[in-house]
Amino acid sequence: MPYLDVWRRRVEMAGETRRERQKNKLIRDIERLAPDSLSYKTIVVDGEERQAIVTSSDAYNLKNFISLPGETIPFGAMIQYADRHWLVREKEIDDEIYAKCQAQLCNILMRWQDADGEILEYYGVGEDATKYSSGVLNGSDYMITLGEFQIKVALPVNEDTVVIHRDMRFLID
């Protein structure tokens with residue numbers, strides 16, 4: 001019987017359940033094999049350098065990023081890759097092993113003045129939003145706003161951008 005106990009302890013070192021053992025093996029395999037992949041790249045996520053798998057999509061302005069096990073790429077994060085800025089616009093919910101997200105190439109640099117008078121600037125994704133003209137509530141009456149040129153902008157989520165409100169003005173090149 002001591003052989004059975006030795007075998008059981010050795011098997012359980014990799015995990016107590018079969019699922020846990022398979023998960024741990026997958027993590028070890030990814031960590032061992034990923035550096036040999038041509039898609040294994042150095043990226044910067046919100047100012048922190050890390051390694052990830054970068055794959056292309058059907059659109060030239062979209063990239064898929066897959067983190068290494070134990071790391072995450074938050075929704076709304078800014079990724080620097082290939083001398084470009086990419087904004088995470090979609091993220092896979094299931095991130096038990098690794099985080100997978102899709103980021104869009106930033107095409108606009110937004111500048112604004114914060115409450116302390118400091119000029120802030122962040123890259124974002126700008127899209128034509130003229131077709132989305134909307135009404136504005138003025139007291140108890142709605143006024144229809146017809147814009148000739150409106151831009152819808154998505155920015156990274158951080159402490160500077162969450163305080164942006166509707167009536168702010170921006171500097172756009």
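Helices here are DSSP runs of H or I at least four residues long, numbered from the N terminus. In this predicted model, helix H2 holds both Arg32 and Asp29, and because the two sit three residues apart in that helix, about one helical turn separates them. They form a salt bridge, with 3.2 Å between the closest N and O atoms. Arg32 itself is exposed, at a relative accessible area of 53%.

Asp29 has another partner in Lys25, and here the closest N and O atoms are 2.8 Å apart. H2 covers residues 18–33, and since Lys25 and Asp29 are four residues apart in it, this pair too is separated by about one helical turn. Lys25 counts as partly exposed, its relative accessible area being 45%. Side chains of opposite charge can pair when their charged atoms come close.

Stepping back to the whole chain, the secondary structure amounts to two helices and 12 strands. Read from the N terminus, the order is α-α-β-β-β-β-β-β-β-β-β-β-β-β. The chain has 173 residues, of which 29% count as buried. Taking the contacts with a separation of 6 or more, 42% come from residues 24 or more positions apart.

Now for the barrel. Six strands close into it in the order S1-S2-S3-S6-S5-S4, with antiparallel pairing. From one strand to the next, the twist averages 45°. One of the pairings is between S1 (residues 40–45) and S4 (residues 78–81), which run antiparallel and are joined by two bridges. Across from Val45, in S4, stands Ile79.

Ile79 turns up again in the largest nonpolar core, a set of 14 residues in which Ile43, Phe65, Ile73, Ile79, Tyr81, Trp86 and Val88 have the most contacts. Two or more residues each come from S1, S2 (48–56), S4, S5 (84–91) and S6 (100–105). S6 is the top contributor, giving three residues. As for Ile43, its contacts beyond four places in sequence take in the core residues Phe65, Ile79 and Tyr81. Also on the contact list of Ile43 are Glu48, Glu49, Arg50, Ala52, Val54 and Gln80.

Further along the chain, S7 (residues 108–113) and S8 (residues 119–128) pair in the antiparallel sense, over six bridges. Ile108 has Gly124 as its bridge partner in S8. Five residues lie between the strands of this hairpin, and Gly117 takes a positive phi near 90° in it. A salt bridge also ties these strands together: Glu121 pairs with Arg111, the closest N and O atoms being 2.8 Å apart. This pair links distant parts of the chain, with Glu121 in S8 and Arg111 in S7, 10 residues apart. Glu121 is partly exposed, having a relative accessible area of 45%.

S7 has a further neighbour in S12, to which two bridges join it in an antiparallel arrangement. Met110 stands opposite Ile172 of S12. The loop leading from S11 (151–154) to S12 (171–172) contains Thr161. Buried or exposed, where does Thr161 fall? With a relative accessible area of 10%, Thr161 is buried, because the cut-off for buried is under 20%. Leaving out residues up to four places away in sequence, Thr161 touches Trp112, Tyr122, Leu155 and Pro156. The contact with Pro156 has a polar side to it: the backbone oxygen of Pro156 lies 2.6 Å from a polar atom of the Thr161 side chain.

Back to charges: how many salt bridges does a search of the whole structure find? The search turns up nine. Besides the pairs described above, Arg19, Lys23 and Glu96 are linked in a network of salt bridges.

How values were computed: Residues are numbered from 1 along each chain as its sequence is written. This is a predicted model: local features need pLDDT of at least 70, side-chain atom pairs count only at pLDDT 80 or more; totals for chains, interfaces and linings use all residues. Side-chain values use heavy atoms; hydrogens and water are left out. Buried means under 20% relative accessible area, exposed over 50%, partly exposed in between (1.4 Å probe, protein chains only). A polar contact is a pair of N or O atoms within 3.5 Å; within protein, one must be able to donate a hydrogen and the other to accept it, and residues adjacent in sequence count only if both atoms are side-chain atoms. Contact means heavy atoms within 4.5 Å. Two strands pair if DSSP finds at least two bridges between them. Axes are lines fitted to C-alpha atoms, for helices over the stretch in contact, and angles run from 0 to 180 degrees between N-to-C directions. A nonpolar core is a set of buried Ala, Val, Leu, Ile, Met, Phe, Trp, Tyr and Cys residues joined through side-chain atoms within 4.5 Å. A salt bridge is a side-chain nitrogen of Lys or Arg within 4 Å of a carboxyl oxygen of Asp or Glu.
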